[in-house]
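Biologist: I am new to this model and would like to start small. Please pick one part and take me through it slowly, explaining your terms as you go.

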Amino acid sequence: MPSSSQRSLLRGLLVGLLVGLFALLLTPLTCADQAKRLRIGITLHPYYSYVANIVGDKADVVPLIPAGFNPHAYEPRAEDIKRISGLDVIVLNGVGHDDFADRMIAAGEKPNIPVIEANENVPLLAATGTAARGAGKVVNPHTFLSISASIAQVNNIARELGKLDPDNAKTYTRNARAYGKRLRQMRAEALAKLTQAPNAELRVATVHAAYDYLLREFGLEVTAVVEPAHGIEPSPSQLKKPSINCASWT
Ligand SMILES: [Zn+2]
């Protein structure tokens, strides 16, 4: 019969063993957790798609503006500004479509948070119409509506995210290439359809100066932009103006 002191020694040994075993079992999990998941802020919907396709399940994508808000009319709110403190990096359009983000970052608790300028090195079109007459707006910021410019932005974002998260850099590059391939296929299919169209002399009216990028890519010109101001939809009477009444085009 073991004495009570032997029993307590045995119990102590057993507890020690169990604690050691648990520590061992938990070790791989702890190590995996140490590689922190990036939390990436985005401002506009297209950038959500770009980043989500680049990171897959390796990082989290967090919209700065809640669903249902129009980025054309959005004014930063305190609760949205607060969200920035939980982010590691913010991906920006950076050429005029998400200027509100600069104000949010400056007003938040992380004024020096890294930002990725998606349009770095992307060729930009000049702004036209009311947008060109606005204070300091000289470029058309809607590069996300060009397939080529989207691919360039996806590559820029993937490269910069890889610098911040080297463990996943290869995955980001691989995903960005796969996404770029899908976009190129989409462009090739659209071009093939356009080439086969019986009359390629198209005249195009748009209700947002955004589509210049997309149409230029296919060699088309925007004939008329019916947009009272950036992001403001035209009224039915503005659409009936003789200059853009499609029924009068021959
Ligand atoms: Zn716009």
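Modeller: Let's start with one pair of residues: Leu38 stands opposite Ala59 in S2. Residues are numbered from 1 along each chain, as its sequence is written. Please keep in mind that this is a predicted model: local features need pLDDT of at least 70, side-chain atom pairs count only at pLDDT 80 or more, and totals for chains, interfaces and linings use all residues.

Strand S1 covers residues 38-42, and five bridges join S1 to S2 in a parallel arrangement. Labels such as S1 or H2 stand for DSSP runs numbered from the N terminus: helices are H or I runs of at least four residues, and strands are E runs of at least two. Two strands count as paired if DSSP finds at least two bridges between them. In general, strands of a sheet pair through backbone hydrogen bonds, either parallel or antiparallel.

Now widen the view. S1 and S2 belong to an open sheet of four strands, ordered S2-S1-S3-S4, with parallel pairing. Its edges are S2 (59-63) and S4 (115-117), each of which pairs on one side only. From one strand to the next, the twist averages 25°. The whole chain has nine helices and six strands.

What lies across this sheet? Helix H2 (residues 45-55) lies across S1, S2 and S3 (89-92), and it runs at about 175° to S2. Such angles run from 0 to 180 degrees between N-to-C directions, and axes are lines fitted to C-alpha atoms, for helices over the stretch in contact.

Val51 is a good residue to look at here. Leaving out residues up to four places away in sequence, Val51 touches Ile40, Ile42, Val61, Val91 and Ile157. Two residues are in contact if their C-beta atoms, placed from the backbone, lie within 7 Å. Val51 also appears in the largest nonpolar core, which has 32 residues; Val51, Ile54, Val91, Val154 and Ile157 have the most contacts inside it. A nonpolar core here is a set of buried Ala, Val, Leu, Ile, Met, Phe, Trp, Tyr and Cys residues joined through C-beta atoms within 7 Å. A residue is buried if 20 or more other C-beta atoms lie within 10 Å of its own, exposed if 12 or fewer, and partly exposed in between, with C-beta atoms placed from the backbone. S1, H2, S3, H4 (99-107), H6 (147-164) and H7 each supply at least two residues of the core, and H6 gives the most, with six. In soluble globular proteins, nonpolar side chains tend to be buried together. Across the chain of 250 residues, 25% count as buried.

H2 also meets another helix. The axes of H2 and H7 (residues 169-196) come within 7 Å and cross at roughly 125°, so H2 and H7 are oblique to each other. Angles under 35 degrees count as roughly parallel, over 145 as roughly antiparallel, 65 to 115 as roughly perpendicular, and the rest as oblique. From H2, the contact uses Asn53, Ile54 and Val55; from H7, it uses Tyr172, Asn175, Ala176 and Tyr179. This contact of H2 with H7 has five nonpolar, two polar and no charged residues. For these classes, Ala, Val, Leu, Ile, Met, Phe, Trp, Tyr, Cys and Pro count as nonpolar, Asp, Glu, Lys and Arg as charged, and the others, Gly among them, as polar.

H7 packs against H6 too, at an angle of about 175° with the axes 9 Å apart, which means H6 is roughly antiparallel to H7. Among the residues making this contact are Val154 and Asn155 of H6 and Tyr172 and Ala176 of H7. Asn155 counts as buried, with 20 C-beta neighbours inside 10 Å. Beyond residues up to four places away in sequence, Asn155 touches Ala176 and Gly180.

Finally, we can return to where we began. Leu164, in H6, is in contact with Leu38, Asp88, Val89 and Pro114, leaving aside neighbours within four places in sequence. Leu164 is partly exposed, with 16 other C-beta atoms within 10 Å. Lys36 sits in the loop between H1 (4-34) and S1; with 10 other C-beta atoms within 10 Å, Lys36 is exposed. Lys36 and Asp165 are 129 residues apart in sequence, and their C-alpha atoms are 8.8 Å apart in space.
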